[in-house]
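The exercises below are intended for a reader who is meeting this structure for the first time. Please work through each task before reading its solution.

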Amino acid sequence: MAPPPAAAGGGGAAQQQRQQQGGGIGQTISGIIRIAVFWYFASKFFAPKRPVDPSQPVVVMSNLFQKGEPMDMWVYLSGNEKFNDFGNDGSLVWHETNIPYATWGPESTQTLSMDYYPSENLKHNGSLYAHVFFARSGYPPDPNDPEYQPQAAFGRTHAVVTYLPKSKADKKRSLLGTANGAEEGELAAQVVDDGEVDSKDDGPVEWISYWKPNITINLVEDFSRYSQNAVPPNIAPYINIDSTTGNYYPTIFFNEFWLLRDKLIAINETVNELPLNLEVSPISMTKWQLFQQIDQSFQIHRSYGSMLEGESDELKRVFLEGNPYLLVITMVVSMLHSVFDFLAFKNDIQFWNKNKSMEGLSAKSVVVSFISQLIVFLYLLDNDTSWMILASSGIGCCIEFWKIGKAMHIEIDRSGMIPRLKFRDRESYAGNKTKEYDDIAMKYLSYVLFFLAACFSIYSLMYERHKSWYSWILSSMTSCVYMFGFIMMCPQLFINYKLKSVAHLPWRQMTYKFLNTIIDDLFAFVIKMPTLHRLSVFRDDLIFLIYLYQRWIYPVDKKRVNEFGFGGEDDQASAGTVATATDEDEKKTN
């Protein structure tokens, strides 16, 4: 029985969330890998060491087992966290002999697949633990056995059942009160992380038990000699030291790195059979530490709000289900994505800061861009988004409003009781054909946009659920921004067509954005997403290709003023003046 799916009404929000994350998920992957590698080497070479007392001798610890030494393994399943019932054959589910320690070969990796029949206690939120014991071949793991040797046997306990909070009652409802009434009464029993539980909600949190179908037992290949005062801090919590000799046992690592959340199986009264896949294999010290550092990187990203809960599973799914060659390319271009984002932002600010003329530029598109950014910010604020994403969206709103001030005159009208902002077109925009063409393009495109927005809003109202009318309005407007926002780029195409010139456009900034769009197209094939959304990422490509076609087909107009308020004839005139001055200086010299 798989974990119950999310409520039906959240489909639109999930798609919008994927659209927000589609372009930046590559940055998250590269950031996590960089943090993990840096942390690993920093902990290796720059780990803080405890002060050594010169009066005491340095005690060096080493591994109690040798490389390739044969070992026997026992795996018991019990409802008790501490296990001593070695004589109970019913608890023993797996026994292997002569497993060579820390060697790679067919005999070092063993697997077992079985079906487990849960007890009534387990069906009602009971606990179950896997007790794994290793011992030198021929030695028993039972401390009560006469042949037991403390330095020859070791073990570790692992929880087979995990408990995750059940989501609260879905606050969304059908605003019309007629659609999907049966579904409205159902609670969303989806799996959520601890951080997703709303502490502000009244009532106790309900927890559900989930079965881990895969248990991977890794023996870490570690033959390092550690000083008792200089054990690396990332290894110290896992090292098991023998109190008699002072040496350490081999480290048992239960590898859950690739156990994704959607693979967990909910346990309830209807479950009578559960799959259990067991595996024992060696793991290198570097790989073990890398797994731990990546998991810690996930936690750091979640604590800072740069990664949403459950996004780590999506990143792991990329490596599990993606093509290896495509993943290598993705890792390379994801780092370029960050560079292009910065360059596009820098050149956008530089363009509007130095721009002296609005001739050939669509001022209405700047206003619509600000409104769209404001709608997205209000939507994120209404959906309790992390502060890091909110800050990024809020800064984007401020920049878009600043660009309105560069494209138009903003004045404060104090004629009424309440002061209000008054927008007035610049002379370079209103004094030529640019405003006329911009009005024509925006007029017909607004008809198309308003029609599509109205149709989608009606569909959302009838078939989706929302928290309130305010949330419905924001959700509908945000969906329209994501799905139909590219239409707002068309007025500039129309102005270019009528003026037969593209000399006024910020081509450097547009080039960086076009490169980022290509990278987003690559992520569309790597990241798991709906087919319609995968096709939608190519819509901006079409607009940019039309821009490139216009740049190729329209000749360079020397009379046109560029984005800095200068024309080609001005450059020629200034060049002629410099040449004349140079000739006069030469004459004077001669």
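The following exercises treat helix packing and internal cavities in a predicted model.

**Exercise 1.** Determine at what angle helix α11 and helix α13 pack, and which residues make the contact.

*Solution.*
Step 1. Helix α11 covers residues 433-463 and helix α13 covers residues 490-499. Their axes are 9 Å apart, and the packing angle is about 135°.
Step 2. Angles over 145 degrees count as roughly antiparallel and those from 65 to 115 as roughly perpendicular, the rest above 35 being oblique. The angle of about 135° therefore makes α11 oblique to α13.
Step 3. The crossing of α11 past α13 is right-handed.
Step 4. On the α11 side, the contact is made by Lys433, Thr434, Tyr437, Asp438, Ile440, Ala441, Met442 and Leu445. On the α13 side, Cys490, Pro491, Phe494, Ile495, Lys498 and Leu499 take part.
Step 5. Sorted by class, this contact of α11 with α13 has 10 nonpolar residues, one polar residue and three charged residues.

**Exercise 2.** Describe how the axes of helix α8 and α11 cross, and state which residues meet.

*Solution.*
Step 1. Helix α8 spans residues 363-382. The axes of α8 and α11 come within 9 Å and cross at roughly 45°.
Step 2. With that angle, α8 is oblique to α11.
Step 3. From α8, the residues Ala363, Lys364, Ser365 and Val368 meet Lys435, Asp438, Asp439 and Met442 in α11.
Step 4. The contact of α8 with α11 divides into three nonpolar, one polar and four charged residues.
Step 5. Asp438 and Met442 of α11 take part in this contact, and both also belong to the contact with α13.

**Exercise 3.** Establish the packing geometry of helix α5 and helix α6, and the classes of the residues in their contact.

*Solution.*
Step 1. Helix α5 comprises residues 285-303, and helix α6 comprises residues 311-321. The two pack at an angle of about 140°, with axes 10 Å apart.
Step 2. The helices α5 and α6 are therefore oblique to each other.
Step 3. α5 passes α6 in a right-handed crossing.
Step 4. Asp295, Phe298 and Arg302 in α5 meet Ser312, Leu315 and Lys316 in α6.
Step 5. Of the residues in the contact of α5 with α6, two are nonpolar, one is polar and three are charged.

**Exercise 4.** State how many cavities of 30 Å³ or more a search of the whole structure finds, and characterise the lining of the second largest cavity.

*Solution.*
Step 1. The search finds two such cavities.
Step 2. The second largest cavity holds about 30 Å³ of space.
Step 3. Its lining consists of Ile99, Pro100, Ala102, Ser108, Leu219, Val280, Ser281 and Pro282.
Step 4. The elements that give two or more residues to this lining are β3 (92-100) and β13 (274-284). The largest share, three residues, comes from β13.
Step 5. By class, the lining of the second largest cavity has six nonpolar residues, two polar residues and no charged residues.

Conventions: Residues are numbered from 1 along each chain as its sequence is written. This is a predicted model: local features need pLDDT of at least 70, side-chain atom pairs count only at pLDDT 80 or more; totals for chains, interfaces and linings use all residues. Side-chain values use heavy atoms; hydrogens and water are left out. Axes are lines fitted to C-alpha atoms, for helices over the stretch in contact, and angles run from 0 to 180 degrees between N-to-C directions. Helices (H or I, at least four residues) and strands (E, at least two) are DSSP runs, numbered from the N terminus. A crossing is left-handed if the near helix is turned anticlockwise from the far one by less than a right angle, and right-handed if clockwise. Contact means heavy atoms within 4.5 Å. Ala, Val, Leu, Ile, Met, Phe, Trp, Tyr, Cys and Pro count as nonpolar, Asp, Glu, Lys and Arg as charged, and the others, Gly among them, as polar. On a 1 Å grid over the protein atoms alone, a cavity is a set of points where a 1.4 Å probe fits but cannot get out, and a pocket is an open set with protein on both sides within 12 Å along at least five of seven lines; lining residues have an atom within 4 Å of a point. Grid points are joined across faces, edges and corners, and a volume is the space filled by probe spheres set on the points.
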